[in-house]
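Here is a colleague's note for someone opening this structure for the first time. Please keep the 3D view open while you read.

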Amino acid sequence: MNIRKAVHAGYCWGVERALDIVTDTAAAHPSETVRTLGPIIHNSHVVQSLEEKGVQHVSGLDQLASGDTMIIRTHGVPPETYEQARAQGLNVVDATCPLVTLVQNKAKQLVQEGYHLVIFGNPKHPEVIGTIGHAGGKATVIERPEDVAKASFPKRVGVVVQTTQEIELLASFLAELTPRCKELKIFNTICNPTIERQEAARELAREVEVVIVVGGKNSSNTRHLAAVCREEGAIAHHIEDADELDPAWVKGCNNVGVTAGASTPGWLMDQVIERIQMIGDSA
Ligand code: SF4
C-alpha cells in the first residue's frame with residue numbers, strides 16, 4: 001500500500017502562534033488563573049492536553065474573576081468582549097490570528113465606505129460573530145451560495161469571506177450575488193494556509209482511491225478539506241484520530257491519501273499514517 005501525505009497539511013502558523021502564546025502565558029503566570037475564552041482551537045486532543053497543564057477554557061467572562069488572565073483564541077471576539085473584560089479587571093492576552101484581524105479590518109472599512117456588509121461564512125462561527133461586532137453589528141451572513149436567492153441586498157454591497165471558506169464555494173456564491181447588486185466590492189479574505197491545504201487536498205484526491213482527513217469534527221477548515229476531496233471524486237473519511245479509522249476503508253487499496261486540518265497536530269496525523277501502514281502490512 002502506498003500512503004501519500006498532502007503537501008500542505010496540519011497546523012497553520014496562526015494556530016502554532018496561538019499555542020505558543022498560551023504556553024508562554026501559562027509559564028509567565030504559574031501561580032495565576034489562566035483560561036482561554038472557548039477552546040483555543042477546534043481540536044479536542046490539544047484542548048485536553050492544555051487542560052492537563054492547567055489551562056482550562058471558560059465559556060463566558062462570568063466564569064472569571066478580577067486578576068485572572070483570559071486568552072482570546074485565533075477566531076477573535078467582538079469589541080464588547082474586550083471592553084467587558086477590561087471593566088471586570090481581567091488581564092487580556094490576545095491570540096487572535098492576524099489574518100482574522102485582517103477580515104475584521106476589511107469589514108470595518110467596507111461599512112465606513114458605506115457598503116452593506118455581507119459575510120460569506122457560517123453565522124454561528126465565532127470568527128463571523130467577532131467580525132460582525134468589529135463592523136458595528138450589522139451584516140448579512142450567507143452560509144451557502146443557494147441562500148443568496150433568499151436574501152435581499154441594497155445597491156452597494158461589500159463582501160468579506162470567512163478565512164476557512166472553500167474557494168470553489170466562494171466562486172459559486174459570487175456568481176449568484178453579482179447579478180443582484182448594482183455595486184459590489186469584494187475582499188477575498190480566505191487565508192493562504194486554507195487555500196494551500198485545499199489545493200494540496202484536491203491534488204492528492206486526484207491521485208488516490210481514498211483520502212483520510214484528520215481533524216476536529218467541529219473544525220470548519222477540516223470539514224472543507226473532506227468536501228474538496230469528494231468534489232474531486234475521491235472517497236473521503238473525516239476522523240479525529242487513529243482509533244476512528246475503520247480498516248475496511250483502506251484494506252485492498254493501492255493508494256491512500258492522508259491530509260489534516262489547520263488545527264490538527266502533526267503527531268495525530270502520524271498516528272493515523274502508522275495505523276494505515278499496519279493495516280496495509282497485515283493484508
Ligand atoms: S486557518 Fe488561517 S485564519 Fe485560521 S488560524 Fe490558521 S492562518 Fe489564521
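What follows is a numbered walk from the ligand out to a handful of residues.

1. **Before anything else.** Please keep in mind that this is a predicted model. The distances and accessibilities below are computed from that model.

2. **Where the ligand is.** Start with the ligand, which sits in the largest cavity. The residues around the ligand are Cys12, Gly14, Val15, Cys97, Leu99, Val100, Thr163, Cys191, Pro193 and Thr194. Try colouring those, and then look at which helices they belong to: α1 (13-28), α4 (98-112) and α7 (192-207) each give at least two residues to the shell.

3. **What the shell is made of.** How many residues of the shell around the ligand are nonpolar, polar and charged? Seven are nonpolar and three are polar, with no charged residue in the shell.

4. **Isoleucine 41, a link back to the shell.** Isoleucine 41 is found in the loop between β2 (34-37) and α2 (44-52). Is isoleucine 41 buried or exposed? Its relative accessibility is 2%, so it counts as buried. Among the residues it touches beyond four places in sequence are Tyr11, Val15, Leu19 and Ser263. Val15 is also one of the residues around the ligand. Isoleucine 41 and valine 15 are 26 residues apart in sequence, and their C-alpha atoms are 7.3 Å apart in space.

5. **Threonine 264.** This one is in the loop between β12 (255-260) and α10 (266-282). With a relative accessibility of 0%, threonine 264 counts as buried. Its side chain reaches the backbone oxygen of valine 214 at 2.9 Å. Val214 is also on its contact list, together with Gly10, Tyr11, Asn43 and Gly215, once residues up to four places away in sequence are set aside. For a sense of scale, pick histidine 134 as well: it is 130 residues from threonine 264 along the chain, and the two C-alpha atoms are separated by 28 Å.

6. **Asparagine 221.** Move on to helix α8 (residues 220-231), where asparagine 221 lies. Its relative accessible area is 11%, so asparagine 221 is buried. What does its side chain reach at 2.7 Å? The partner is the backbone nitrogen of alanine 262. A polar contact of 3.3 Å also joins the side chain of asparagine 221 to that of serine 219. Leaving out residues up to four places away in sequence, asparagine 221 touches Thr164, Gly261, Ala262 and Ser263. Ser263 is a residue you have met already, as a contact of isoleucine 41.

7. **Histidine 238.** Strand β11 (residues 235-239) holds histidine 238. At 17% relative accessibility, it counts as buried, because the cut-off for that word is under 20%. Its side chain has two backbone oxygens to look at: that of glycine 215, reached at 2.9 Å, and that of glycine 216, which lies 3.2 Å from a polar atom of the side chain. Gly215 also touches threonine 264. The wider contact list of histidine 238, again without residues up to four places away, includes Val213, Lys217, Thr222, Arg223, Arg230 and Glu244. From histidine 238 to threonine 222 is 16 residues in sequence and 7.9 Å in space, C-alpha to C-alpha.

8. **Alanine 234.** Alanine 234 lies in the loop between α8 and β11. Alanine 234 is at 9% relative accessibility and so counts as buried. It touches Ala205, Glu209, Val211 and Cys229, not counting residues up to four places away in sequence. Valine 211 is 23 residues from alanine 234 along the chain, with 6.8 Å between the C-alpha atoms.

9. **Threonine 140.** Finish at strand β7 (residues 140-142), which includes threonine 140. Is threonine 140 buried or exposed? A relative accessible area of 19% is under the 20% cut-off, so threonine 140 is buried. Its side chain makes a polar contact of 2.6 Å with the side chain of histidine 116. Apart from neighbours within four places in sequence, threonine 140 is in contact with His116, Leu117, Val118, Ile119 and Phe153.

Technical notes: Residues are numbered from 1 along each chain as its sequence is written. This is a predicted model: local features need pLDDT of at least 70, side-chain atom pairs count only at pLDDT 80 or more; totals for chains, interfaces and linings use all residues. Side-chain values use heavy atoms; hydrogens and water are left out. A residue is near a molecule or strand if one of its heavy atoms lies within 4 Å of it. On a 1 Å grid over the protein atoms alone, a cavity is a set of points where a 1.4 Å probe fits but cannot get out, and a pocket is an open set with protein on both sides within 12 Å along at least five of seven lines; lining residues have an atom within 4 Å of a point. A molecule sits in a cavity or pocket if more than half of its atoms lie within 2 Å of its grid points. Helices (H or I, at least four residues) and strands (E, at least two) are DSSP runs, numbered from the N terminus. Ala, Val, Leu, Ile, Met, Phe, Trp, Tyr, Cys and Pro count as nonpolar, Asp, Glu, Lys and Arg as charged, and the others, Gly among them, as polar. Buried means under 20% relative accessible area, exposed over 50%, partly exposed in between (1.4 Å probe, protein chains only). A polar contact is a pair of N or O atoms within 3.5 Å; within protein, one must be able to donate a hydrogen and the other to accept it, and residues adjacent in sequence count only if both atoms are side-chain atoms. Contact means heavy atoms within 4.5 Å.
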